[in-house]
Amino acid sequence: MKADDDIFFRLPQLVDSLGAMPREDMYYGATIPCDSMDPFREYMAGMGYALSWDLVEWIATSEVARNHSVGTEDMLTGLWLRIGDKGKNRFNAKPAIHDYRNPVPVDQCEHEFMPSTIGVHRLKSNPRWAEALKYFNFTAGLQPSKFYKID
């Protein structure tokens, strides 16, 4: 799995979701464009997506990837799979993987936290991280430490 540094994944929920996926020719994430629920339309957003190991090995040795290497990594991954006729087992995890809801929404990938959330992206500040960790009760029972401050 590839993930940005500003996404919070709830690992038990992610593991449960991935556990139901095929182990071969699998491409998992949140589809782009934001208004699409079709995992075959374009590609999975770079916030976080997973590939089965056979696809990782194919990309590592593929002339397709070698010959198409200019652009954003998420868009290129989708392009490689499309050109190579790979990733036939695709799963769109929206709305469970989504962007943080801004005061003025930027796109349809944003929404409020939900109990079914697997991952929240665009946690670009400490207050956003704190809000997400609190909502998902992630810091409950955390013992005080001189290495961090959780209010």
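Modeller: Let's start with the rule we will lean on: a salt bridge is a side-chain nitrogen of Lys or Arg within 4 Å of a carboxyl oxygen of Asp or Glu. Keep in mind that this is a predicted model.

Biologist: Happy to. What makes Asp35 and Arg41 a salt bridge?

Modeller: Their side chains come to 3.7 Å, N to O, and the cut-off is within 4 Å, so the pair qualifies. By this rule the count comes to eight salt bridges.

Biologist: Why is Asp35 called exposed, and why is Arg41 called partly exposed?

Modeller: Asp35 has a relative accessible area of 52%, and exposed means over 50%. Arg41 stands at 45%, which falls between the 20% and 50% limits, so "partly exposed" is the right term.

Biologist: Good. What does the salt bridge between Asp99 and Arg122 tie together?

Modeller: The closest N and O atoms of Asp99 and Arg122 are 3.5 Å apart. Asp99 lies in strand β8 and Arg122 in the loop between β9 and α5, so the pair links parts that are 23 residues apart in sequence. Asp99 is buried, at 3% relative accessible area, because the limit for that word is under 20%.

Biologist: And Asp25, in the loop between α1 and β3: how do you know that Asp25 has no salt bridge?

Modeller: The nearest side chain of opposite charge, Lys88, is 4.6 Å away; the rule asks for within 4 Å, so Lys88 does not qualify. Asp25 is buried all the same. A polar atom of the Asp25 side chain does lie 2.6 Å from the backbone nitrogen of Gly87, and that fits the limit of 3.5 Å for a polar contact.

Methods: Residues numbered from 1 in each chain as written. Predicted model: local features only at pLDDT ≥ 70, side-chain atom pairs only at ≥ 80, totals over all residues. Heavy atoms only, no water. Buried < 20%, exposed > 50% of the residue type's maximum accessible area, 1.4 Å probe, protein only. Lys, Arg positive; Asp, Glu negative; His and termini not counted. Polar contact = N/O pair within 3.5 Å; in protein donor to acceptor, adjacent residues only side chain to side chain. Helix = DSSP H or I, 4+ residues; strand = E, 2+ residues; numbered from the N terminus.
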